[in-house]
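Here's a quick briefing to read alongside the model. Take a look at the structure first, then work through the notes below.

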Amino acid sequence: HLREILQLLSLSPKHPSSHPVLPGPQDRYHGIYFAMLLAGVGFLLPYNSFITDVDYLHHKYPGTSIVFDMSLTYILVALVAVILNNVLVEMLSLHTRITVGYLFALGPLLFVSICDVWLDLFSQRQAYAVNLMAVGVVAFGCTVQQSSFYGYTGMLPKRYTQGVMTGESTAGVIISLSRIFTKLLLSDEKENTMIFFCISIGLELTCFLLHLLVKQTYFVRYYTSRSQNGTSEFKGSMDNSTGYRVHHDVTAEDIRFENRPPRQNASPPDTFGDAGELAGSGTYVRFDVPQPEIKRSWPSFRDMMLHRYVVSRVIWAYMLSIAMTYFITLCLFPGLESEIRNCTLGEWLPILIMAVFNLSDFVGKILAALPYDWRGAPLLLCSCLRVVFIPLFILCIYPSGKPTFSHPAWPCIFSLLMGITNGYFGSVPMILAAGKVSPEQRELAGNTMTVSYMSGLTLGSVVAYSAYSLTSTSPSSCLYPGNYTASILDGN
């Protein structure tokens, strides 16, 4: 314990103190929280930059499914990336993964904006492939970055995870406003699209530079070092049971997993003389060894699975809760919602519905900051109850020609409620999960929760694709809706 106290004293500000263990630092001006919110913006900003520029894409690739292909590419690559990052969490350092994620996000934005939008170096077919490849690279980088950041904020107080998730909702709002203003200020489509991409690049670069500054602050170093060193109660001697232990070099951020041998096969006392163990047998255990004695060794597949099993046993309800929340949402948004039509509002109704969802989702993520310690089972139950939105939205389309909820207010109300619950129940499990495990397991808990999050998104997208195929073949209840919408825009 004296060794840990001295380590804390070495990290503390240089002022006299009579307390043996110093209290945690304070984020006095909320600068760290704002930085984490911007980090959340940085996750989805590059992808939103490609998708929100839909008018340019439709003009350049008329009669193609470019937006759908981009969405499908992103979700498939993102699922692979989050699983890969869950493996790399024990092979590459946290900040290495985050830095690589930012570089993978910035590179395609720069390449597409300069080579495709500005210089127009490719043919239409080549540009189509380049854009899909760019979205794939962005998906990989941003997902590794996102998954790592959830492990990162899992080591900080709970409100910082909520800040990251609020930033994700903010990204869509920022990009939408950016596209609206660039189109209003500049009539030339090539110029306003180039400026739009430059704004996105500037914002992403700002997020990256802010991350490099924030990770060096005393506040972040205090909590990450505290989690990596472990804060649980230790006992002084080893028992005869077998368990799971970890060599952890905090300075090099190197982790090596080993199976713990029985007492009679234990290593000599000098190897473990300064070590500590978690109380109880068969638990996750860490011990320190001098830095020169540590050799980099990647864990075996069995050890990695064992580590994840230990974490998943504790947070399984939160994993299922966030997966169910996003599964239900992706079944309906944006696919099925985009197919809701009204003879009076025409094509403006789905735009209004999606705007209501985005704003209410943002409100829901803010409400997630309210202090309430949900237990796993009630949280999972509430997430599952959101399945009621599926039949409600289906009744906004069927029976075809005369839907049950034909008035445009109904889908707006349903979208409002779905957005608030999505923002809330999509954030709370991620916020609470890290606090249910020991400090040294929190980064892995954040990555494991992101795997569940992406699994829900992927399964929901598959169901939404099937639903979209059904609705696209159904007859429209309005005659010439496209002409009617055009007449509205023309003022006739």
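What follows covers confidence, one helix and the cysteines.

This is a predicted model, so start with how far to trust each part. The protein averages a pLDDT of 75, and 73% of the residues score at least 70.

**Confidence**
- Helix 13 (residues 376-385) has the highest confidence in the protein, at a mean of 95.
- At the other end of the scale, strand 1 (residues 234-235) has the lowest, with a mean of just 35.
- Residues 2-21 have a pLDDT below 50, and this stretch makes 17 contacts beyond near neighbours in sequence in the model.
- Residues 231-296 are also below 50 in pLDDT, and there the model has 134 contacts beyond near neighbours in sequence.

**Helix 2**
- Helix 2 takes in 22 residues, residues 31-52, and at 1.5 Å a residue it should span 32 Å.
- The C-alpha atoms at its ends sit 29 Å apart, which agrees with that expected span.
- There's a kink of about 40° at Leu45, shortly before the proline Pro46.
- Most of helix 2 is covered, with 19 of its 22 residues buried.

**Cysteines**
- Searching the whole structure turns up zero disulfides.
- Cys382 is in no disulfide, because the nearest cysteine sulfur, that of Cys384, is 9.3 Å away and a disulfide needs the two sulfur atoms within 2.5 Å.
- Cys382 is partly exposed, as its relative accessible area is 24%.
- Cys331 counts as buried, because its relative accessibility is 5% and the cut-off for buried is under 20%.

Terms used. Residues are numbered from 1 along each chain as its sequence is written. This is a predicted model: local features need pLDDT of at least 70, side-chain atom pairs count only at pLDDT 80 or more; totals for chains, interfaces and linings use all residues. Side-chain values use heavy atoms; hydrogens and water are left out. Helices (H or I, at least four residues) and strands (E, at least two) are DSSP runs, numbered from the N terminus. The expected span of a helix is 1.5 Å times one less than its number of residues. The bend at a residue is the angle between axes fitted to the seven residues ending there and the seven starting there. Buried means under 20% relative accessible area, exposed over 50%, partly exposed in between (1.4 Å probe, protein chains only). pLDDT is the predictor's confidence in each residue, from 0 to 100. Contact means heavy atoms within 4.5 Å.
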